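Visitor: I have a structure to look through and some short questions about it. Can we take them one at a time?
Guide: Yes, bring it up and start wherever you like.

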Amino acid sequence: MTTRNVQQIIKSMATSDGAGVKLRRSIGQQRGLYHDPFLMLDEFSSDNPGDYIAGFPAHPHRGFETVTYLLDGHMLHEDHLGHRGDLKSGGVQWMTAGRGIIHSEMPQQLEGRMRGFQLWLNLPGSEKMKPASYRDIDPSEIPLVELAGGGRAKVIAGTLDVDGAQTRGAIQGATTDPLYLDVELPAGARFSIPVNAEYNAFIYPYEGSIAVGPSDSARTVEARSAALLSKGDRVDVTAGPDGARFLVLGGRPLKEPVVQYGPFVMNTREEIEQAIKDYQNGELAAVS
Ligand code: MN
């Protein structure tokens with residue numbers, strides 16, 4: 001067994017997107033700062049409506065998946081084909097943009113806390129032009145595993161294996177075979193799981209701090225930084241003195257060229273030019 005080390009820490013940066021939603025971006029904060037197949041991770045967290053109320057009015061996507069996980073708040077998703085999805089605290093929207101979608105993501109609250117994450121997950125070239133699809137995952141569909149040493153883990157995607165006890169998450173079977181866990185640990189508790197040695201993985205603490213890696217070379221990772229992990233077949237995390245909440249992400253790398261232009265992520269420049277043309281001509285999401 002080889003325990004994964006921290007290879008690189010990406011501190012999140014404050015930025016804004018949509019019509020002025022304040023957020024913190026770690027992976028994807030610069031072009032090329034990807035962790036294949038992960039293109040971007042945004043965390044939004046505020047009690048101030050001025051930081052989120054403007055939301056994300058109509059905008060396009062092509063070529064990848066967006067996974068929105070809401071910890072606190074209420075958001076309404078609507079696309080140009082009339083699909084509506086209500087996202088409430090603890091819920092997940094898994095959107096496969098594929099060939100194209102034009103959608104809005106708007107807060108449905110005038111006050112209170114809005115907190116959650118949006119992950120961008122790449123699609124292989126062979127699936128970038130498939131029809132758009134959705135999975136709206138109710139909080140009750142996400143398995144919650146109580147951990148023996150204290151704490152708990154929500155299994156959003158993939159399979160959690162704790163000492164051989166397996167729990168299948170709400171999402172299974174994408175080509176990138178993602179693992180997406182939300183883990184909460186009390187001070188000093190340990191979380192140790194096997195992961196596929198061929199996959200890329202990273203950990204994003206959003207409360208407290210964690211030590212990641214083998215006990216003789218573990219590195220401390222503070223909240224709101226993405227810790228990209230080296231190759232290995234285990235992930236070991238120990239919570240800091242205040243406990244911790246963190247995301248664990250893993251997935252099969254696509255090893256394909258990534259060409260991004262804003263909300264379009266394709267393999268070549270020509271495909272990006274086509275996406276822009278299709279969007280301008282109203283054909284981004286046309287059924288072919
Ligand atoms: Mn969007």
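Visitor: Which strands each supply at least two residues of the lining of the largest pocket?
Guide: They are β3, β4, β5 and β11, the last of these spanning 114-122. Keep in mind that this is a predicted model.

Visitor: How much space lies in that largest pocket?
Guide: About 380 Å³. Of the 25 residues that line the largest pocket, Asp 17, Arg 25, Met 40, His 61 and Trp 120 are the closest to its centre.

Visitor: How do the lining residues of the largest pocket divide into nonpolar, polar and charged?
Guide: There are 10 nonpolar, 10 polar and five charged residues in that lining.

Visitor: You listed His 61. Is His 61 buried or exposed?
Guide: His 61 counts as buried, at 2% relative accessibility. His 61 is also one of the protein donors of the manganese ion.

Visitor: What are the protein donors of the manganese ion, then?
Guide: Three histidines and a glutamate: His 59, His 61 and His 103, each through NE2, and Glu 105 through OE. These donors lie 2.1 to 2.5 Å from the manganese ion.

Visitor: What spacing do the donors follow along the chain?
Guide: The spacing is H-x1-H-x41-H-x1-E. His 61 is in strand β5 (residues 56-61) and His 103 is in strand β10 (residues 101-107), so this pair ties together parts that are 42 residues apart in sequence.

Visitor: And His 103, buried or exposed?
Guide: His 103 is buried, with a relative accessible area of 1%.

Visitor: Changing topic. How many cavities of 30 Å³ or more does the structure hold?
Guide: Two. The largest cavity has a volume of about 50 Å³, and the second largest holds about 40 Å³ of space.

Visitor: Which residues line the largest cavity?
Guide: Its lining is made of Thr 68, Met 75, Leu 76, His 77, Gly 85, Leu 87, Gln 93 and Glu 105. Two elements give two or more residues to this lining, β7 (74-79) and β8 (84-88). The largest share, three residues, comes from β7. Glu 105 turns up here as well as among the manganese donors.

Visitor: What about the classes of residue in that lining?
Guide: Three are nonpolar, four are polar and one is charged.

Visitor: And which residues line the second largest cavity?
Guide: Val 21, Phe 44, Tyr 52, Phe 56, Met 75, Pro 107 and Met 114. By class, that makes seven nonpolar residues, with no polar and no charged ones. Met 75 lines both cavities.

Visitor: Now salt bridges. How many are found in the whole structure?
Guide: A search finds 18. One of them joins Lys 22 to Asp 51, with the closest N and O atoms 3.6 Å apart.

Visitor: Why does the pair of Lys 22 and Asp 51 tie together parts that are apart in sequence?
Guide: Because Lys 22 lies in strand β3 (residues 21-25), while Asp 51 lies in the loop between β4 (38-46) and β5; the parts are 29 residues apart in sequence. Lys 22 counts as exposed at 53% relative accessibility, whereas Asp 51 counts as buried at 15%.

Visitor: What does Glu 146 form a salt bridge with?
Guide: With Arg 152, and the closest N and O atoms are 3.7 Å apart. Glu 146 is exposed, with a relative accessible area of 54%, and Arg 152 is partly exposed, with 32%.

Visitor: Which side chain meets Arg 269 in a salt bridge?
Guide: That of Glu 273, at 3.3 Å from N to O. Arg 269 and Glu 273 are four residues apart in helix α1 (residues 269-280), so about one helical turn separates them. Arg 269 counts as exposed at 58% relative accessibility, and Glu 273 as partly exposed at 39%.

Visitor: Which residues do salt bridges that share partners join into one network?
Guide: Asp 72, Arg 115, Glu 207 and Arg 245.

Visitor: Last one. How much space lies in the second largest pocket?
Guide: About 230 Å³. It is lined by 16 residues, and those nearest its centre are Thr 159, Leu 179, Val 195, Asn 196 and Tyr 199. The lining divides into six nonpolar, seven polar and three charged residues.

Methods. Residues numbered from 1 in each chain as written. Predicted model: local features only at pLDDT ≥ 70, side-chain atom pairs only at ≥ 80, totals over all residues. Heavy atoms only, no water. 1 Å grid on protein atoms, 1.4 Å probe; cavity = no way out; pocket = protein on both sides within 12 Å on 5 of 7 lines; lining within 4 Å. Points joined across faces, edges and corners; volume = space filled by probe spheres on them. Nonpolar A, V, L, I, M, F, W, Y, C, P; charged D, E, K, R; others polar. Donors = N, O, S within 2.8 Å, 3.2 Å for Na, K, Ca; no water. Buried < 20%, exposed > 50% of the residue type's maximum accessible area, 1.4 Å probe, protein only. Salt bridge = Lys/Arg side-chain N within 4 Å of Asp/Glu carboxyl O.
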